[in-house]
Each structure stands twice: as structure tokens, then as C-alpha cells.
Amino acid sequence: MIKEELININQEAEKEIESSNDLKTLNEIRIKIFGKSGSITILSKGMRDLSNDDRPIIGALINEVRSNLENKLKQKEEFFKNQELLNKLENEKVDITEPSKDCEIGALHPIARVIDKLTDICVELGFSVVEGPEVETDYYNFEAMNIPKNHPSRDMQDTFFISENILLRSQTSAVQAREMEVRKPPFKIICPGKTYRNENDSTHSPIFHQLEGLVVDEKISMADLKAMLTIIMKKLFGEDTTIRFRPSFFPFTEPSIEVDVSCPNCHGRGCSTCKGTGMLELLGAGIVNPKVLEISGIDSKKYSGFAFGFGLDRTAMILNDINNIRYFYKNDVRFLKQMK
Amino acid sequence: MKVTYNWLKELTDINVPAEELASKLTSAGMEVEEIIYQNEHLHDVVVGKILKIEKHPQADRLVVCQVDIGKEIVQIITAATNVFEGAVVPVSLPGADLVNGVKIQKAKMRGVESCGMFCSGQELGIDENYFEGAGVDGILILPNDMKIGTPIDQALMLNDIIFDIGITPNRADCMSVVGIAREVCALYGIKLKKINLNYDIDIYSKETVRDFVNVDVETQNCYRYMAAAITNLKIERSPLWLRARLNAVGIKPINNMVDITNYVLIEMGQPLHAFDGEHIGGKQIVVRQAKFGEKITALNHNTYDLDESVMVIADENKPMVIAGVIGGMDSCINNETSTCVLEGAVFDLKSIRVTSRKFGVRTDSSARYEKGVNIANAEVGIARALHLVSSLKCGKVVRGIIDIATKKNESRKVIGSIDKINEILGVEIPTKDMVSILNNLGIETTLQGRNLICNVPPFREDIENDNDLAEEIIRLYGYDVYDKIDYKLFKNAYITEGCPHPRLNLERAFRNMLVMKGFYENISYTLVSQDMTNKLLLNDERTNLVKLANPISEDISCLRSSLAHSLFQNVSYNLSVGNKNLKLFECGRTFISKSSNELPIENNYLGMVACDENFDFFYLKGIIELLLNKTSATYELVRSSEPYLHPGIAADIIIDKVKVGSFGKIHPLVAENYDIPHNVFYGEINTGILAQLPEKKFHVQNISKFPIVERDLAIVVDEEIKVGDLISSIKSSCGKLYYDVKLFDIYRNANIGENKKSLAFNIKLSDMEKTLTDEEVSQIVNKILKSLTYKYGATLR
């Protein structure tokens with residue numbers, strides 16, 4: 001009899017739990033079963049009237065039903081709590097398209113970023129980063145670079161003078177002699193920095209940036225130059241970058257070359273950046289003229305070297321698709337903002 | 001340097017498409033910057049003859065012409081008034097596309113068909129100097145003997161191809177057609193043709209050149225002076241072929257004698273000067289330095305004051321020519337000249353360069369002299385000119401040539417090492433190719449063991465050593481050998497240690513921090529206007545600006561002595577274009593002049609500026625602290641005396657008694673000078689000094705096992721009491737229990753009293769040995785308060 005009653009209670013309660021709608025009804029169901037006058041409580045109380053034989057059997061059965069129903073109640077309760085949490089979270093939702101707060105970052109200048117990148121590349125390759133004065137002597141800027149006073153090669157650069165022998169450096173090459181005087185081969189140096197020329201038009205700024213590289217050791221050749229520049233350019237513009245040499249003239253290198261770099265924009269197919277040629281004229285380079293080594297006290301019979309120099313403004317233009325050199329020194333935030 | 005293809009063909013046996021030649025020249029270092037086809041706009045224009053002219057039935061101002069153009073007769077309507085029956089004229093036919101943009105089509109004019117147009121000289125791109133009649137206002141009337149139907153480019157010799165070549169300063173020898181021709185020969189392995197230097201001498205006259213002129217060279221700047229004389233000169237227009245050559249390379253034809261000197265200048269690279277023999281005073285030429293006070297009126301109609309630095313060609317009285325640069329009016333050839341003295345000279349290149357700069361006069365002559373004309377060239381130049389004089393029958397060449405040379409002209413022997421050349425190039429060039437390349441360049445080369453014995457001709461003064469030979473060899477052998485080289489070949493100098501630059505590294509860290517704080521990096525012109533010192537109210541050494549001797553303009557004539565100027569200008573500019581909430585910074589140099597003859601002091605600074613409504617002094621202070629905290633600096637802040645900062649709202653940063661920077665609110669007067677708001681904040685730190693500090697080291701102390709306890713304390717003090725002093729006092733009262741103290745609120749209100757402020761501190765205490773009890777904490781707080789009351793009159797709030 002009790003057995004049937006228990007099964008009945010179990011079935012009824014399961015149904016009620018299943019169909020309950022909220023924590024409150026669930027609680028009412030709990031009281032109805034397990035409360036002071038709950039059905040299971042009453043049945044448990046009636047245990048003492050049972051025979052010794054029946055008591056353990058019925059007791060076990062009651063426990064089974066109790067734990068079953070407690071489980072069901074717990075499950076349902078968790079379900080409701082979960083539901084409630086979901087509702088709460090849903091109500092707390094925000095419009096994620098609202099603007100962010102208080103973490104507006106600025107941006108580095110594109111030329112400074114090119115300098116950062118190139119110096120990292122070159123330091124990795126064993127170059128030391130050096131600097132020289134922007135106001136230089138005629139000696140370091142010209143004479144030590146095999147450009148004597150009143151020599152026609154001075155015409156290659158319109159120079160700003162302070163006085164007869166003091167000038168604004170027209171090339172970062174000015175730093176070569178200063179370093180050669182104090183360093184012992186083998187050495188590799190780069191020098192990034194500002195340079196000045198007395199010209200100002202739509203494609204020339206009187207102030208611009210160059211990076212000079214110099215390597216001196218025994219038996220340095222044009223092939224070494226090719227190898228080193230290829231590595232640097234690949235690291236700067238991407239693995240598929242290639243370079244090409246063309247003859248040129250600089251008083252401080254012999255042979256002298258212009259180095260064309262495959263256009264990183266179109267990969268050599270031809271585009272507006274490279275004016276359809278697929279190549280960009282980016283560097284001047286060459287084998288250090290033995291006269292230049294000798295002027296700075298390096299034995300040109302034992303040592304040779306290569307040097308390269310390139311325009312960082314142009315490099316920054318290529319890397320960032322900038323088409324107006326004037327933007328660099330205006331510092332308009334509308335320009336800088338685009339390179340965050 | 002412009003050369004024409006026909007001219008090159010006259011000196012070499014070259015006959016390849018112009019584009020191919022141009023690309024070959026470029027690949028060998030003679031960069032062809034432009035190829036100009038002279039007849040680009042002359043197609044469909046022919047020589048025609050007007051057979052008949054009738055009035056236009058519908059228009060008074062037009063006439064209808066029947067024109068013979070060789071293969072047919074066409075009808076052309078014109079408004080031109082200088083045409084007549086029988087006139088030979090240039091006729092542009094349908095399809096023509098003239099230099100002024102006019103495209104010719106068949107058209108009806110007032111109902112009558114017109115099949116073309118007659119052309120003026122201007123429409124053909126020529127002027128009176130080039131062709132008689134080309135300058136008239138109207139149609140170009142051609143000579144009667146021109147063959148009807150001839151294309152006009154042929155008839156007027158306007159069918160050449162011009163190469164505009166960039167010549168590098170080491171190749172003065174290529175400032176001539178013959179120089180380029182030599183390169184062409186070397187490129188194609190062909191021989192330079194012999195240039196005709198023969199001329200007839202007036203053997204019937206007993207006169208010699210000495211009867212017309214005597215030459216004295218009194219200056220060391222003249223290496224060679226040659227003079228020839230020509231009599232019975234008949235000044236007239238040069239033949240068309242000569243004018244065509246000069247016109248093609250951009251030189252205005254003038255008369256036969258002047259044209260010959262220009263022709264030789266372009267062809268041989270030898271400047272010549274033709275004097276009117278009757279205007280050489282005393283028949284005496286003196287090559288000398290000018291005397292102070294002498295003057296000359298040059299062919300450009302300017303009068304120049306001369307001095308001892310200027311070399312002149314003078315007669316017995318006065319300078320006639322600024323040597324190598326420009327001739328004088330008085331002694332030049334004119335239409336009546338009958339006797340001419342022809343000068344072919346070689347001058348010191350520096351002397352010519354200095355003079356050309358001094359007067360700002362650059363001529364075809366000075367351009368060549370200042371790059372260097374070799375001694376031998378004067379001789380061939382004079383001979384070539386006399387050849388032209390005699391073959392064009394402009395006059396009679398007098399017996400004898402004066403030749404005064406102070407320098408000798410010799411080939412030099414340069415011995416090149418094959419192994420060294422290969423070592424420089426890093427690739428093996430076959431020896432036989434080396435020898436043939438050098439020989440083709442006119443450098444007679446023979447092989448002796450592993451050496452190249454090179455006989456370098458005088459015009460190649462640039463060839464001195466293995467490196468020079470290596471360059472000649474590789475540029476003609478072709479730089480494309482390197483295209484095939486594996487880039488991993490680099491073998492040498494790889495064991496060097498790469499050292500970053502300490503200051504650049506520190507600046508990089510600063511720059512990245514500022515970017516995270518919303519600042520934009522600027523790079524400004526270091527060149528500024530002189531008024532920067534006034535605008536910034538500077539009163540110290542920073543008023544000693546480094547000034548350019550040759551500025552482009554006043555606004556970029558000095559080097560800045562402070563970054564503040566650049567950044568204030570950038571703020572001003574950005575505001576003017578509508579950018580707001582500006583936070584900008586720049587790493588760059590400032591310059592302070594010592595004297596114009598020594599290098600200035602260059603300092604590296606990081607400057608930052610903010611013009612932002614949320615910004616104030618303490619925000620800026622936080623950023624400064626953030627940056628300084630990156631270094632090992634221990635610094636103190638003192639009230640700043642920077643003239644461009646607000647005296648009450650600015651601080652100087654001091655490390656070891658040295659000022660390394662300052663920051664604060666901009667001075668209101670400075671704000672007005674830059675036309676920027678008053679609430680602009682500026683700070684700068686000397687990164688050069690900071691980079692010299694040792695690297696920041698940390699000494700970590702043991703931390704307590706017991707929790708931190710904290711208490712808040714609010715006090716009221718007089719306004720002038722400094723928070724910094726209160727914090728120090730609190731610290732010392734805490735003794736070894738001190739962990740941290742922070743000011744978290746400042747409150748000012750009438751109810752706490754006039755000139756009073758309420759300050760709330762959060763104090764953190766910690767003991768290494770035990771958990772502090774409430775009582776112990778209260779004791780400390782009482783001690784703090786007592787001390788604050790005693791020293792600073794603080795009262796508990």
C-alpha cells in the first residue's frame with residue numbers, strides 16, 4: 001500500500017516539478033513534499049508503524065523517492081537560476097558600437113618609423129648605429145669625401161653654408177670619415193639623420209632624411225654589397241624583393257652605382273608608385289674610393305669597403321603610399337592619424 | 001648635354017633604333033633622360049606652291065587658293081595676307097598635329113571646302129634665327145627652289161633625334177658629341193671616325209698670325225692659349241645644316257663665325273672665342289687677372305665690376321672677355337667684322353668655377369671649363385673651327401697659330417691588377433673582355449702577366465687606379481652580372497657586433513610611451529625664422545641662433561634653438577585647419593651658435609605639447625614622471641624660469657644640479673605670439689643627458705607576510721602649504737611602518753575658511769613582523785597629525 005502511495009507521490013511530484021514555471025512554485029512544491037506536513041514527511045513519520053521486515057524495504061524506497069525528487073527539484077531550480085542569470089545578462093547588454101573611452105592612442109611619424117625599422121634590421125645584421133652633427137665642417141662633409149673645394153662634383157649638392165668652412169651637412173656620408181678616424185676594421189655602421197640642401201620645390205624639401213651605411217673589412221667587393229643590400233631590402237620591403245645595379249657617380253665611391261629596388265607595390269609589374277617601370281630608384285652605393293679610406297687613415301691596400309645611402313623620405317612615401325613630400329613636415333594630425 | 005643622332009652618326013658607324021641606343025647608353029652610366037623626336041609635330045606638312053588665289057565668295061577676309069603639293073592640287077582657304085600666287089609655303093594637310101596643338105582636318109569655311117592650312121614659322125616651332133621668314137607675322141614664305149611635295153621636316157632639316165643625356169661630374173670629356181660618340185663606340189665595339197681637321201691656309205698672303213695679334217699669358221690660371229687669325233671674313237647666315245645642328249641642341253644660330261665656335265664647342269667640347277681683330281687694342285692679347293676697379297660690359301648687356309680673383313682676356317688697355325665665362329660687347333664679332341682672331345684656350349677649372357659663381361653667370365663655355373677641358377683639346381678645337389671656316393668659305397685662314405702652353409699634355413700609364421679588379425667586383429670578368437672594353441674606350445691596353453698596362457689618354461683624367469678601371473670594365477661589361485648572384489654570398493665583415501644607439505633607443509621608448517598616451521609624433525623643419533627668439537621671449541644663450549649665409553628665404557634662415565618654437569607652430573597650424581585636442585611631440589635637435597666659424601652646440605631634446613580641454617599641469621607632470629621613471633634619474637622639481645612658460649605653473653627638472661628639462665603652462669604672451677590658446681602645456685627633456693645615465697637597476701626588498709592596513713586622513717591647511725612637504729612629513733612620521741601615501745582629494749570651500757584647502761590622504765602601513773592592530777595604527781595617525789599640526793598648522797577636518 002505504502003509502496004503504491006510512494007510511487008504515486010513520486011509520479012505526481014515529478015509532473016508538478018516538470019510543469020512548474022518559476023522558483024516560487026518550485027518552492028511550494030518542495031513544501032508540499034518535504035515540508036512539515038509534506039507527503040514524504042508524513043510517510044516517513046508512518047515508518048515506525050511498520051513491521052520490522054517492511055521497515056528497511058519501505059525506508060529504502062522512501063529514500064530513493066526522496067533523493068529522486070530532491071534531484072529533480074535541484075535540477076529545476078538550477079534551470080530557473082540559470083534562466084534568471086541569462087535574463088539579467090540580457091538586460092545588461094550594451095551597444096558595442098558606442099565609441100571607446102579614454103584610450104585614444106597617437107601615432108609615430110612615418111619617417112621616424114622607417115628609421116626605427118631600418119636600424120632594427122641593420123643592428124640585427126651587425127651594424128652599429130652612429131650619429132654625427134647636423135652642422136658640419138666643410139672637411140667632413142666634402143673634403144674627406146674626396147670632394148675638394150671648387151670641384152665640379154660640389155655642384156651635385158646645393159649646400160647651405162653658415163660660413164666658409166661650416167655648413168649644414170648635405171649628406172649623411174659626412175659621418176663616414178668621422179667614424180673611420182676612430183674605428184678599426186672590420187666594422188659596419190649606419191647613420192640615420194637629417195640632411196639639408198638648398199632646394200625647395202614640389203619634389204624637394206630643403207630638409208630631408210638619409211641613412212648612410214658603411215662596411216670596411218678586407219676584400220669587400222661589389223658582390224658583398226649586392227648581398228647585403230638584398231638582405232636589407234628584403235627585410236624592409238618583403239621576401240620577394242629584388243635589387244638591380246646601374247652605373248652612377250659619387251666622388252666617394254668607385255665604382256659607384258644606383259640601386260633599383262623592385263616596386264613593393266606591384267612586385268615589378270609596373271604601377272603608379274614606380275611610374276610603370278616596376279623598379280624604384282632608392283639608393284646610391286658603391287665600393288669606398290680608396291682615396292677616401294686613405295684620407296681617414298685606413299690602409300687601402302689592406303682594406304676595402306662598401307657604402308650605401310638612401311633617402312628615407314622617399315622610402316616612407318613608398319611604404320605608406322604617401323604621394324606628397326610636403327605632408328612630412330607640416331605635421332597635420334589629419335595626415336599622421338592615418339598611420340596609427 | 002644634348003646630342004643629336006645624326007651628329008653621332010657622322011662620327012661613328014652606328015645605326016640602331018634610337019630607343020635601343022638610349023637604353024644602352026643609360027645602362028653604361030650615360031643616362032638618357034629624354035629622347036626628343038624633332039619632327040614629332042611635323043608629319044603631314046609638305047612644301048607646296050600657291051598656283052592661284054581667288055576671293056572667297058562669302059567672306060571678304062578670306063581667299064581661296066589652289067595649291068600644288070606635288071602629287072595633287074588641293075584647295076586651301078586662308079586669311080593670311082602675305083601669300084601670293086607663286087609663293088612656296090609649308091602646307092599642313094588633314095592629319096597634321098602641329099606643335100601648338102592645332103589638328104588639321106578637311107573643313108568647309110563659309111560653304112567652301114578647305115583641305116589644309118598654310119603654316120607660319122611659329123607653327124612649325126622655328127624662329128627667324130633658324131630660318132629666314134620664320135619670324136614674320138604671317139605665313140612662312142619658303143625659297144623658290146624647294147622641291148614641291150617634300151615633307152617639311154626634310155625640307156627644313158628638322159628630322160633629327162635628340163638625346164638629352166645626364167653627364168656625371170667625373171666625365172667632363174662627355175660634355176661633347178665626340179665624347180658621347182666614344183662611349184657609343186665602346187658600347188658597340190666600333191671605331192670612332194676620323195674628324196676632319198684639315199683647312200686651307202691663305203698661301204698668297206705674306207701675313208702671319210703675328211701681324212694680327214700678339215699674346216702674353218700673365219696668369220697661372222691659363223694652361224694653354226692658342227690664337228689663329230682669319231681675314232676677308234664675310235659674316236652671314238650659316239648654311240642650314242649647321243643651323244639645324246645648333247638649333248637641335250638648343251643653341252640659337254647667330255652668324256657663320258659665331259655658329260662655328262658654338263658648333264665646335266658642342267662637337268669637341270672646346271670653348272672658342274672669336275674677337276673682332278680690329279677691336280683688339282694694340283693688337284695685343286694679355287691673359288691676366290683683372291685689376292680692382294676694372295669693369296666689363298658683357299654680351300648679356302650686364303656690366304660687371306672686376307677684381308683680382310677674376311681672370312680676363314684683355315687687350316693693351318682693358319678687359320675684353322671674362323676668361324672662360326662670357327665675352328664683352330666691345331670686341332665681339334658683328335656684321336661688319338672682316339678680321340677675326342680666334343681663341344682656343346684651356347683654363348684652371350677652379351678659377352672659372354669661382355668666377356662663374358661670383359657673377360652668377362653660367363654659359364655653355366663656363367659649364368665645360370669648370371668641369372675641366374684637357375690641354376690637347378684646344379688644338380683640335382681650333383683646327384676643327386678653321387676647317388669649318390675654310391670649307392664654308394667664310395674667310396681666309398692666316399698662316400701660323402700662336403700656342404702658349406704652361407702645362408704639358410701627355411698620356412699617362414696606369415697599371416691595373418686583374419686580380420685586384422676582380423676582387424673589387426666580386427665577380428670574374430674574362431681578361432680578354434677587360435682588355436677589349438678598355439681599348440674600345442680609347443684606353444690603349446695591353447696584357448702583361450696579371451697586369452693591365454693602360455695608356456690613358458689625356459681626356460680621361462678620371463682614370464687613376466684599379467677602382468677606376470674596375471668601374472669602366474663593369475659598366476660596359478654590364479651590371480646585370482650581379483642579377484644572377486646569390487645574395488647569400490656575403491662572406492666578409494660578418495663578425496661585427498651590432499650596437500644600437502643609446503639615445504635613439506631611449507627616445508624610441510619615450511616615443512612609444514607618448515603614442516600610447518595619445519600623442520602624435522612630429523618632425524618639423526629645424527630651419528626657422530629669426531623671430532623665434534622674440535616669439536619665445538628668450539633671453540639666454542638660446543638667442544644665439546646659427547644663421548645661414550645663403551638661406552632660401554627668411555622663414556627658414558636659422559637653426560632652431562628650442563623645440564618649443566616648432567611645436568607651438570605645429571599647434572597653431574593644426575588649429576588653423578580645424579584639428580582639435582592636440583597632443584604632439586617631437587624628438588630633434590636644437591642648435592646654439594658659439595661663433596660662425598666653429599661648430600655650434602647641438603642638443604637632443606624631446607619636446608611635447610598639449611592643447612586639450614582635459615589637460616592640465618598635473619597631467620603633464622604625470623607624463624614627465626612616466627618618462628623619467630624609464631631612466632635611472634633621481635631628480636627634483638623646482639619652479640621654472642623658462643621665459644616662455646607661465647612663471648607660476650611651470651617646473652624645471654634638475655638632476656645633479658643640471659637642468660635637464662622643464663614643463664608647464666605656456667606664458668600668455670607667448671600664446672598670443674603664436675596665436676594659440678592660453679591653456680597650452682609644453683614640456684621638454686634633454687634626451688642626450690638622460691641617455692648618459694646608467695641603466696635603471698632594481699633592488700628588491702622583502703615583502704611582509706602580513707597584510708597592509710590603510711587609513712584615510714583629511715586635514716585643513718593654509719593654501720601656501722606645499723603638498724610635497726606634507727607628504728614628506730607623513731612619510732617620516734610613519735617611520736619603518738611606511739608603505740605608501742597618496743593624496744586623493746583636494747577641496748576648497750568658504751566653509752573651511754579663506755585661503756585654506758582641505759587635503760585627504762590615503763596612508764598605507766605595513767609591518768614585517770606582525771599584523772598591525774587598530775590601536776597601533778591609531779597611534780601612528782595621531783603622530784602624523786601632531787607633526788602636521790606642529791609644522792604646518794594643520795587641523796583635522
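**Reading a buried arginine, an interface and the cysteines**

Mentor: Arg460(B) is buried, as its relative accessible area is 0%. Please keep in mind that this is a predicted model.

Trainee: Where in chain B does Arg460(B) lie, and which residues is Arg460(B) in contact with, leaving aside its neighbours within four places in sequence?

Mentor: Arg460(B) is placed in the loop between strand 25 (451-456) and helix 12 (466-477) of chain B. Apart from neighbours within four places in sequence, its contacts are Arg171(B), Asp173(B), Glu183(B), Arg412(B), Leu441(B), Glu472(B) and Arg475(B).

Trainee: I should like to turn to the interface. How is its size expressed, as a general matter?

Mentor: The size of an interface is often given as the accessible area that is lost when the parts come together. Here, about 7600 Å² is buried between chain B and chain A, and carbon and sulfur atoms give 58% of that area.

Trainee: How many residues of chain B are in contact with chain A?

Mentor: On the side of chain B there are 87 residues, in contact with 99 residues of chain A.

Trainee: How many salt bridges does the rule find across the interface of chain B and chain A?

Mentor: The rule finds seven salt bridges across this interface. As a case to inspect, Asp116(A) is paired with Arg511(B) in a salt bridge whose closest N and O atoms are 2.8 Å apart. Helix 13 (residues 502-516) of chain B supplies the largest share of the side of chain B that touches chain A, namely seven residues. By class, that side of chain B has 40 nonpolar, 23 polar and 24 charged residues. Between chain B and chain A, 39 residue pairs are in polar contact, with both residues at pLDDT 80 or more.

Trainee: My next topic is the cysteines. What is a disulfide, and how many does a search of the whole structure find?

Mentor: A disulfide is a covalent bond between the sulfur atoms of two cysteines. The search finds zero disulfides over all chains.

Trainee: Why is there no bond from Cys122(A) or Cys340(B) to the closest cysteine sulfur?

Mentor: The reason is distance, because a pair of cysteine sulfur atoms must lie within 2.5 Å to count as a disulfide. For Cys122(A), the closest cysteine sulfur is in Cys191(A), 12 Å away, which is too far for a bond. For Cys340(B), the closest is in Cys394(B), at 9.7 Å, again too far for a bond.

Trainee: Are Cys122(A) and Cys340(B) buried or exposed?

Mentor: Cys122(A) is buried, with a relative accessible area of 0%. Cys340(B) is likewise buried, and its relative accessible area is 0%.

Trainee: Let us close with the backbone. Where do cis peptide bonds join Pro186(A) and Pro255(A) to other residues?

Mentor: One cis peptide bond joins Pro185(A) and Pro186(A), with omega about 0 degrees. Pro186(A) belongs to the loop between helix 7 (174-182) and strand 4 (187-196) of chain A. Another joins Glu254(A) and Pro255(A), also with omega about 0 degrees. Pro255(A) has its place in strand 7 (residues 253-262) of chain A.

Trainee: What are the phi values of Lys219(A) and Asn755(B)?

Mentor: For Lys219(A), phi is near 55 degrees, a positive value in a residue other than glycine. This lysine is found in the loop between strand 5 (207-217) and helix 8 (222-237) of chain A. Phi of Asn755(B) is near 55 degrees, again positive in a residue other than glycine. Asn755(B) sits in the loop between strand 37 (738-747) and strand 38 (756-765) of chain B, and Asn755(B) counts as exposed because its relative accessibility is 56%, where the exposed class begins over 50%.

Key:
Residues are numbered from 1 along each chain as its sequence is written. Chains are lettered from A and ligands numbered from 1 in the order in which they are written. This is a predicted model: local features need pLDDT of at least 70, side-chain atom pairs count only at pLDDT 80 or more; totals for chains, interfaces and linings use all residues. Side-chain values use heavy atoms; hydrogens and water are left out. Helices (H or I, at least four residues) and strands (E, at least two) are DSSP runs, numbered from the N terminus. Buried means under 20% relative accessible area, exposed over 50%, partly exposed in between (1.4 Å probe, protein chains only). Contact means heavy atoms within 4.5 Å. Buried area is the accessible area (1.4 Å probe) that two parts lose on being put together, summed over both. A salt bridge is a side-chain nitrogen of Lys or Arg within 4 Å of a carboxyl oxygen of Asp or Glu. A polar contact is a pair of N or O atoms within 3.5 Å; within protein, one must be able to donate a hydrogen and the other to accept it, and residues adjacent in sequence count only if both atoms are side-chain atoms. Ala, Val, Leu, Ile, Met, Phe, Trp, Tyr, Cys and Pro count as nonpolar, Asp, Glu, Lys and Arg as charged, and the others, Gly among them, as polar.
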